[in-house]
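Let's take a walk through this one together, starting from the inside and working outwards. Keep the viewer open and follow along as we go.

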Amino acid sequence: MGPPEHHQNKALKASLLLLATLEAQGFEDGEDWKGPLRLGKKKVDYLHFYFHNMFDAKNPPPLIVAEANITQSSPTLFGMVRVMDQPLTEGPILTSKMIGKAQGIFASMNFLFTKGKFNGSELTVVGRNLILNKVREMSVVGGNGVFRLARGYARLRTYSFNATNLNAIMEYHVTVIHY
Ligand SMILES: *[C@@H]1O[C@H](CO)[C@@H](O)[C@H](O)[C@H]1NC(C)=O
Ligand SMILES: *[C@@H]1O[C@H](CO)[C@@H](O)[C@H](O)[C@H]1NC(C)=O
Ligand SMILES: *[C@@H]1O[C@H](CO)[C@@H](O)[C@H](O)[C@H]1NC(C)=O
């Protein structure tokens, strides 16, 4: 049994859209894409922001896309896969200046920055996030835009957690080496 037809149509539309976008950006056969890297000087940046994991968010909350048959009986919800598109802000409250978004699944995220000198650039952060540990460390494994070939690490802690609606705010300190 295949996926319902409207899902297939959706996937087809998404890939057509992607094709159209790539063409619009001049990514064509025969293009000389192996130009010099033109990296700047190696530098270290320190980023500080808050990540809002809002289960009662309207647009959209972290969505469950898959789970195992033991997930619901597991105290850690082992096997659950949630996708997210959640705000990153300068201060700890949701209404403070928004500087980007966290997109991905919980152990593998892209931080897309939408303000200042990092606007439009992304950092890819992966690792375990053991929420019971006071401070966790995740790895910066790469990026794009100004963060091409980035390396580094993120140290994060839970700034606040609401046991009723499970909303959590994480404070991130990211040390990133880039060019
Ligand atoms: C979960 O699925 C596995 C593999 O199909 C099966 O062996 C196991 O008995 C199932 N466990 C439960 C709790 O249903
Ligand atoms: C960020 O970049 C986008 C797209 O290039 C642009 O539309 C937007 O105005 C920029 N925002 C800031 C705050 O620089
Ligand atoms: C926690 O969430 C509940 C339910 O949404 C809300 O009523 C309560 O005010 C929240 N607590 C705090 C400290 O924000």
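**Starting from the core**

In this predicted model, the largest nonpolar core has 24 residues, and the ones touching the most other members are Leu-47, Phe-49, Phe-111, Phe-113, Leu-123, Tyr-172 and Val-174. Plenty of strands chip in: S1, S3 (81–89), S4 (98–105), S5 (108–113), S6, S7 (135–144), S8 (151–161) and S9 (168–178) each bring at least two residues to this core. Strand S9 gives the largest share, with five residues.

To get a feel for the packing, click on Leu-47. Setting aside residues up to four places away in sequence, Leu-47 touches Phe-113, Phe-118, Leu-123, Phe-147, Tyr-172, His-173, Val-174 and Val-176.

Now zoom out to the overall layout. The protein has one helix and nine strands, and from the N terminus the order is α-β-β-β-β-β-β-β-β-β. Of the contacts between residues at least 6 apart in sequence, 44% join residues that are at least 24 apart. Buried residues account for 27% of the 179 residues. On the outside, the protein exposes about 12,200 Å², with carbon and sulfur atoms supplying 59% of that.

Not everything that is tucked away is nonpolar, so to speak, and Glu-171 is a good residue to look at next. Glu-171 sits in strand S9. Why does Glu-171 count as buried? Its relative accessibility is 8%, and the cut-off for buried is under 20%. What does the side chain of Glu-171 make polar contacts with? One partner is the side chain of His-48, at 2.6 Å, and another is the side chain of Arg-157, also at 2.6 Å. Beyond its neighbours within four places in sequence, Glu-171 is in contact with His-48, Phe-49, Tyr-50, Arg-155, Leu-156, Arg-157 and Tyr-159.

Asn-53 is another one to check. It is found in strand S1, which covers residues 43–53. Asn-53 counts as buried because its relative accessibility is 6%. Leaving out neighbours within four places in sequence, Asn-53 contacts Pro-62, Gln-86, Phe-106, Leu-166, Asn-167 and Ala-168.

Next come the ligands. Around ligand 2 you'll find Thr-114, Lys-115 and Asn-119. One of the oxygen atoms of ligand 2 is 2.4 Å from an N or O atom in the Asn-119 side chain. On its own, ligand 2 has 360 Å² of accessible area, and the protein covers 26% of it.

Ligand 3 is surrounded by Asn-162, Thr-164 and Asn-165. An N or O atom in the side chain of Asn-162 is 2.4 Å from an oxygen atom of ligand 3, while a polar side-chain atom of Asn-165 lies 3.0 Å from an oxygen atom of this ligand. Here the protein covers 28% of the 360 Å² of accessible area that ligand 3 has on its own.

Finally, a word on confidence. The average pLDDT is 85, and 84% of the residues score at least 70. Among the elements, strand S6 (residues 122–126) has the highest mean pLDDT, at 97, and helix H1 (residues 5–24) has the lowest, at 53. Over residues 1–5 the pLDDT is below 50, and this stretch has one contact in the model beyond near neighbours in sequence. Where pLDDT is low, don't read the predicted coordinates in detail.

Technical notes
Residues numbered from 1 in each chain as written. Chains lettered and ligands numbered in written order. Predicted model: local features only at pLDDT ≥ 70, side-chain atom pairs only at ≥ 80, totals over all residues. Heavy atoms only, no water. Near = heavy atom within 4 Å. Polar contact = N/O pair within 3.5 Å; in protein donor to acceptor, adjacent residues only side chain to side chain. Areas by Shrake-Rupley, 256 points an atom, 1.4 Å probe, with all protein chains shown as cover. Helix = DSSP H or I, 4+ residues; strand = E, 2+ residues; numbered from the N terminus. Buried < 20%, exposed > 50% of the residue type's maximum accessible area, 1.4 Å probe, protein only. Contact = heavy atoms within 4.5 Å. pLDDT = per-residue confidence, 0-100. Core = buried A, V, L, I, M, F, W, Y, C linked by side-chain atoms within 4.5 Å.
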